[in-house]
Amino acid sequence: MSNEQFASVWDTIEATPEEAENMKLRSVLMTALKNHLTRTEMSQMQAAKLLGVTQPRVSDLKRGKIDLFGLDALVNMATAAGLRIEIRVLETA
């Protein structure tokens, strides 16, 4: 059994560091969108219209089906929801 520690669950699950970073970003965006929709008490139909997607797509988002969403789609949806995205890029040690 390994005692190796990881900064994120994605670091343990994904095969490469690139895939892990992609999943981390997607996770942050999905969480922000889900929280926004909950905070605004928007129905799935209202959210679908606002985000420019179908109601089943909003359901997938709210259920956390991260494998169904790419970064581009999540960025577009967050922007449509009126959220502003900031990115920080840091050098690794």
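Helices here are DSSP runs of H or I with at least four residues, numbered from the N terminus. With that settled, the predicted model can be read largely through one of them, α2.

Start with the helix itself. At 1.5 Å a residue, the 23 residues of α2 ought to cover 33 Å, and its end C-alpha atoms do sit 33 Å apart, so expected and computed spans agree. The buried residues of α2 are Ala20, Met23, Arg26, Leu29, Met30, Leu33, His36 and Leu37. Just past the end of α2, Glu41 adopts a positive phi of about 55°.

Next comes the core. The largest nonpolar core holds 17 residues, and Leu33, Leu37, Leu51, Leu61 and Leu74 make the most contacts inside it. At least two core residues come from each of α2 (17–39), α3 (44–51), α4 (55–62) and α5 (71–80), with α2 giving the most, 5 residues. Leu74 shows how these pieces meet: neighbours within four places in sequence aside, Leu74 contacts Arg26, Leu29, Met30, Leu33, Leu61 and Phe69.

Then there is the open space. The largest pocket has a volume of about 530 Å³. It is lined by 19 residues, of which Leu25, Val28, Glu86, Ile87 and Arg88 are the closest to its centre. Both α2 and α5 supply at least two residues of this lining, and the largest share, 6 residues, again belongs to α2. By character, the lining of the largest pocket splits into 12 nonpolar, 1 polar and 6 charged residues. All told, α2 is the top contributor to the largest nonpolar core and also to the lining of the largest pocket.

Notes: Residues numbered from 1 in each chain as written. Predicted model: local features only at pLDDT ≥ 70, side-chain atom pairs only at ≥ 80, totals over all residues. Heavy atoms only, no water. Core = buried A, V, L, I, M, F, W, Y, C linked by side-chain atoms within 4.5 Å. Buried < 20%, exposed > 50% of the residue type's maximum accessible area, 1.4 Å probe, protein only. Contact = heavy atoms within 4.5 Å. 1 Å grid on protein atoms, 1.4 Å probe; cavity = no way out; pocket = protein on both sides within 12 Å on 5 of 7 lines; lining within 4 Å. Points joined across faces, edges and corners; volume = space filled by probe spheres on them. Nonpolar A, V, L, I, M, F, W, Y, C, P; charged D, E, K, R; others polar. Expected span 1.5 Å × (residues − 1).
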